[in-house]
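Please look over the sequence and the model below. The paragraphs that follow start from one strand and work outward.

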Amino acid sequence: MFFQSSEGVMVRWTTKMRGLMLLLAIASASGFASSVDYDFEHCENIVLRWVDSSVNDGTEENKSDLQDLLFFLHVPRTGGRTYFHCFLRKLYTSDQECPRSYDKLRFDPSKPNCRLMVTHDDYSVMSKLPREKTSVVTVLRNPLDRVFSTYEFSVEVAARFLVHPNLTSATQMTHKLRSKSRGVSTLDIWPWKYLVPWMREDLFARRDARGNRRIMKEAEDPYNMGEIVMPLRAFINDPLAHEIIHNGATFQVTGLTNNSCLAESQEIRRCVRVHSSLGKYILHVAKKRLERMLYVGLTEYHKESATMFADVVGAQVLSQLQVLASQPEEAANNRTEPGSLINDSEIEDLSHQQNTSDDNILRNVSSGNSTVTNQNQMTVGRLMEAYEQCISSLRKSQSVRRTSSLKKISPANFTKEARLHVPDSIIQQILSFNSLDVELYKHAQKIFSEQRELFMLKNSEKGNQLHDNMFDWLPKRVLIVIILLSHLFVFYLVNVRRRTLKLKV
């Protein structure tokens, strides 16, 4: 029997109390459901009123044209970070980013030059924006992969705090660093401001429970190593996962997360949980929102999505910014200044002060090479070249940090191959919990296919136009000679073919 530190007891007590409070909240929601206030008829009326106001919100403008403000609705774990660092920061100056985009409490859309907003906050933020002057883009991911990735990232970031001797030391250092930073940290951003502290407490509790015992065996299933990390099954069944993760994309697109600006969001979510049949109305609004967006990408088709993003969005941004750059007063205002967000590695690394070389790589990734200081020289082709260089560096940096973090919970190691060992019962549970997201993703695939067809048609027309015009610069007599020579060459080949056949006979 090993000695249990008072810190470990405190951590477990805190974790249990948090879980108890969440369970009480869920239980109270169930209790409300049986009351008059939350019977089916009452909930249906609330949901239908919201649906009517959401569908008829006046956003029927031409969705194919980029408006003055670009709102990138960043669904967590969809690869949105690469779009932000490797596309949008190549197009917009930091001065054109809306101040503190990822920080809902201090977000300021009133800035005159605010032309880009990238955030994990949900669609309800549109209530603070000039709706008729805002274009929305997003990227969705297969719900099963998104849940896996959310679990893995929560563990990865939380594990960075394990460099500290105990939870108290970790939280004190975090508060100290956050107070000195002007930027926005992971612990300020939804949903990580809930998920990371939760997982951090759990990791310290399990480490304290192990004491000095080391886990030497190789992990056959890293998603079920309860001695080291919260098992995936426990993660997906926790009340916090039901509140934040499951059907997260649908609730984010509809503006109904627990981080929503809408006063009625909590009541609507509670009604949908209690009466699952009402989910079809939420899904209807989410589908309509996607259809009105300027662009919808898919994580699983990352390269193709990026190419179309550059063509659909990037080309319009370049055209728009070049017009602005030609106006002296706008050019003076759009100078490059330090961004309102701290760099990506700092966002994830406030757990300690170890700023390694990969942090510097990430700074260069988002701010180096082609930025909008050379807007007049930037083209879609050059934008894609810059993107390819950027994403290569970004992935290397992310891989280094991930490997370093997961070493702290060895032998648990999350890989695509390891996911294959997860029991089918857990897979089916995830799909069941995310039934709305599964249907929304199918609709996103349909929209993506339509975007692809338009993209291919557009490029086909460009190719035909290029073919028609490629000889326009030649004199008419030269063209006639070329045509005659072509006919003579064909005639010669036919005769040679005939002679060869006669010889064979």
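Why is S3 largely enclosed by the rest of the structure? Seven of the seven residues of S3 are buried, so the strand is largely enclosed; buried means under 20% relative accessible area, exposed means over 50%, and partly exposed lies in between, with a 1.4 Å probe and protein chains only. Thr134, Val136, Thr138 and Leu140 are buried on one side of S3, and Ser135, Val137 and Val139 are buried on the other, which leaves both faces covered.

The model is predicted: local features need pLDDT of at least 70, side-chain atom pairs count only at pLDDT 80 or more, and totals for chains, interfaces and linings use all residues. Residues are numbered from 1 along each chain as its sequence is written, and side-chain values use heavy atoms, with hydrogens and water left out.

The protein has 20 helices and four strands. Helices (H or I, at least four residues) and strands (E, at least two) are DSSP runs, numbered from the N terminus. Of the 505 residues, 49% count as buried. The accessible surface comes to about 25300 Å², and 55% of it belongs to carbon and sulfur atoms; these areas come from the Shrake-Rupley method with a 1.4 Å probe, and for residues only the protein chains shown count as cover. Among contacts (heavy atoms within 4.5 Å) with a separation of 6 or more, 81% are between residues 24 or more positions apart.

Confidence is given by pLDDT, the predictor's value for each residue, from 0 to 100. Its mean over the protein is 80, and 72% of the residues reach 70 or more. Two stretches with pLDDT under 50 are residues 1-14, with 20 contacts beyond four places in sequence, and residues 28-36, with eight such contacts. Where pLDDT is low, the predicted coordinates should not be read in detail.

S3 belongs to an open sheet of four strands, paired in parallel in the order S2-S1-S3-S4. The edge strands, each pairing on one side only, are S2 (116-119) and S4 (295-298). From one strand to the next the twist averages 15 degrees. Two strands pair if DSSP finds at least two bridges between them. Five bridges link S1 (residues 69-73) to S3 (residues 134-140) in the parallel sense. Within this pairing, phenylalanine 71 stands opposite valine 136, and leucine 73 stands opposite threonine 138. Helix H3 (residues 80-91) packs on the sheet, where it touches S1, S2, S3 and S4, and its direction makes about 150 degrees with that of S1. Axes here are lines fitted to C-alpha atoms, for helices over the stretch in contact, and angles run from 0 to 180 degrees between N-to-C directions.

S3 also runs parallel to S4, with four bridges joining the two. Threonine 138 has valine 296 as its bridge partner in S4. Both of these residues are touched by leucine 290, whose other contacts beyond four places in sequence are Leu140, Val253, Leu440, Ala444 and Ile447. Leucine 290 sits in helix H11 (residues 279-292) and is buried, with a relative accessible area of 0%. Its C-alpha atom is 9.0 Å from that of leucine 440, a residue 150 positions away in sequence.

Arginine 273 lies in helix H10 (residues 265-274). This residue is partly exposed, with a relative accessible area of 35%. Leaving out residues up to four places away in sequence, arginine 273 touches His242 and Glu243. Between arginine 273 and glutamate 243, 30 residues apart along the chain, the C-alpha separation is 9.7 Å.

Two further helices can be checked for length. The expected span of a helix is 1.5 Å times one less than its number of residues. H6 (residues 192-210) has 19 residues and reaches 26 Å from its first C-alpha to its last, close to the expected 27 Å. In H6, 14 of the 19 residues are buried. Glycine 211, just after H6, takes a positive phi of about 65 degrees. H16 (residues 380-406) has 27 residues that should span 39 Å, and its end C-alpha atoms are 38 Å apart, which agrees. The buried residues of H16 include Leu383, Met384, Ala386, Tyr387, Cys390 and Ile391, and further along the helix Leu394, Ser397, Arg401, Ser405 and Leu406.
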